[in-house]
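Q: I have a structure open and would like to go through it step by step. May I start with a question about a single residue?

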Amino acid sequence: MSVQKRKNYYHNNGSNQKKHKHFYLEPGMIGFLCTCNFHEKDCVRDAYKLLNEFADEIYGPDITKDCDKDSTKVSTIEPDDSIDETEKNDEDDISTALNKEINELKAEYAKPVTARRFQVVDTGVKNVVFIRSTLKNPLELVTKIITKLHKTKEQHSRFLLRLLPIEAVCKANMNDIKSKANVVLEKYFAQEPKTFGIVFNRHSNNNIHREEVIEDLADIINKKNPGNKTDLRNPELAVIVEVIRGVCLLSIAPNYYKYRKYNLLEICNMKEPTNDLKVRAWIILSCFILFS
């Protein structure tokens with residue numbers, strides 16, 4: 001009898017565990033498309049940290065007053081008189097940094113999900129992560145990140161590979177894609193003539209065809225301004241079309257190939273031309289002239 005009660009107790013206890021609500025990629029969202037190699041949780045952590053860091057620089061901290069008040073109630077390490085001044089300062093710095101990170105996390109998760117600046121949603125495809133955002137212009141934030149990484153070569157992520165700004169998500173059918181693309185492309189191609197390229201990627205979808213998408217979007221761009229020209233090697237603007245299962249994501253990426261297709265790790269590993277290369281080229285040229 002006691003054994004049976006224990007079985008029932010543990011069974012009931014397991015059924016009452018808190019269930020995490022999942023959010024799925026849907027039409028109408030905007031945000032950021034991230035790719036990784038198998039470490040999706042680590043990729044999400046990298047993305048949150050990177051996006052929040054640069055978003056705070058541009059827009060200021062995203063912390064509500066109520067959450068900020070609650071977050072101040074975090075215990076701190078009491079100083080020990082037996083420790084010298086240097087060790088005290090080190091511990092204070094660590095404690096301050098730790099408390100700050102805890103406060104930010106508490107403030108973020110205390111908000112309603114719809115009010116969070118960044119929220120991961122499920123794409124249904126491995127190694128492809130989507131971060132939904134309340135920001136109106138994802139490209140502004142990604143441009144800030146990309147240009148700084150390109151300039152400093154400081155690596156800010158380990159598992160997050162590509163980071164694309166997604167300006168529109170619609171259903172994966174040609175009518176919806178053309179309708180949504182017409183609105184997005186108006187902002188970038190209706191004024192001054194631009195060179196462009198169209199990049200198409202498909203995940204778990206065999207209904208949308210690359211050639212049809214490229215032809216239809218190129219036709220829309222040319223109608224916006226007859227001066228727009230195709231450049232497949234180094235376009236000013238790349239139009240990225242990502243079809244993921246039943247939805248289509250549209251992205252505009254300036255200097256797409258210059259910035260290594262927005263691969264953050266490759267951007268940081270880029271090597272700038274040095275004077276050594278010029279010297280080697282001059283030596284080779286001199287030898288060629290000498291023995292010709």
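Q: Which residues does Arg-158 touch, not counting those up to four places away in sequence?
A: This is a predicted model. In it, Arg-158 touches Asp-46 and Leu-265, once residues up to four places away in sequence are set aside.

Q: Where is Arg-158 placed?
A: Arg-158 lies in the loop between α5 and β4.

Q: And is Arg-158 buried or exposed?
A: Arg-158 has a relative accessible area of 62%. It counts as exposed because that value is over 50%.

Q: How far apart are Arg-158 and Leu-264, in sequence and in space?
A: Along the sequence, 106 residues separate Arg-158 from Leu-264. From C-alpha to C-alpha, the two are 9.2 Å apart.

Q: What about Leu-161: where is that residue found?
A: Leu-161 is found in the loop between α5 (138–152) and β4 (163–166).

Q: Is Leu-161 buried or exposed?
A: Leu-161 is buried, because its relative accessible area of 15% falls under the 20% limit.

Q: Which residues are in contact with Leu-161, leaving aside neighbours within four places in sequence?
A: Leu-161 is in contact with Thr-35, Cys-36 and Asn-37, and also with Tyr-262, Asn-263, Leu-264 and Leu-265. For Asn-37, which is 124 residues away along the chain, the C-alpha atom is separated from that of Leu-161 by 8.0 Å.

Q: Changing topic, what is notable about phi of Phe-38?
A: Phi of Phe-38 is near 75°, which is a positive value in a residue other than glycine. Phe-38 sits in the loop between β1 (31–35) and α2 (40–59). With a relative accessible area of 69%, Phe-38 is exposed.

Q: What is phi of Arg-260, and where is this residue?
A: Arg-260 also has a positive phi, near 55°, and it is likewise a residue other than glycine. Its place is in the loop between β9 (247–254) and α8 (264–269). Arg-260 counts as partly exposed, because its relative accessibility of 38% lies between the limits of 20% and 50%.

Q: On to helices: how do the axes of α6 and α7 cross?
A: The axes of α6 (residues 174–189) and α7 (residues 210–224) come within 10 Å and cross at roughly 35°. The crossing of α6 past α7 is right-handed.

Q: Which residues make the contact of α6 and α7?
A: On α6, the residues include Met-174, Ile-177, Ala-181, Leu-185 and Phe-189. On α7, among them are Val-213, Leu-217, Ile-220 and Ile-221. The residues of this contact divide into 9 nonpolar, 1 polar and 5 charged.

Q: How many helices and strands does the chain have?
A: The chain has 9 helices and 9 strands. Of its 292 residues, 38% count as buried. The chain exposes about 18,900 Å², of which carbon and sulfur atoms supply 51%.

Q: What is the mean pLDDT of the chain?
A: The mean pLDDT is 83, and 72% of the residues reach 70 or more. Over residues 14–19 the pLDDT is below 50, and that stretch has 0 contacts in the model beyond near neighbours in sequence. Over residues 64–79 the pLDDT also stays under 50, although the model has 16 contacts there beyond four places in sequence.

Q: What should one do where pLDDT is low?
A: Predicted coordinates should not be read in detail where pLDDT is low.

Conventions:
Residues numbered from 1 in each chain as written. Predicted model: local features only at pLDDT ≥ 70, side-chain atom pairs only at ≥ 80, totals over all residues. Heavy atoms only, no water. Axes fitted to C-alpha atoms, helices over the stretch in contact; angles between N-to-C directions. Helix = DSSP H or I, 4+ residues; strand = E, 2+ residues; numbered from the N terminus. Left-handed = near helix turned anticlockwise from the far one by under 90°. Contact = heavy atoms within 4.5 Å. Nonpolar A, V, L, I, M, F, W, Y, C, P; charged D, E, K, R; others polar. pLDDT = per-residue confidence, 0-100. Buried < 20%, exposed > 50% of the residue type's maximum accessible area, 1.4 Å probe, protein only. Areas by Shrake-Rupley, 256 points an atom, 1.4 Å probe, with all protein chains shown as cover.
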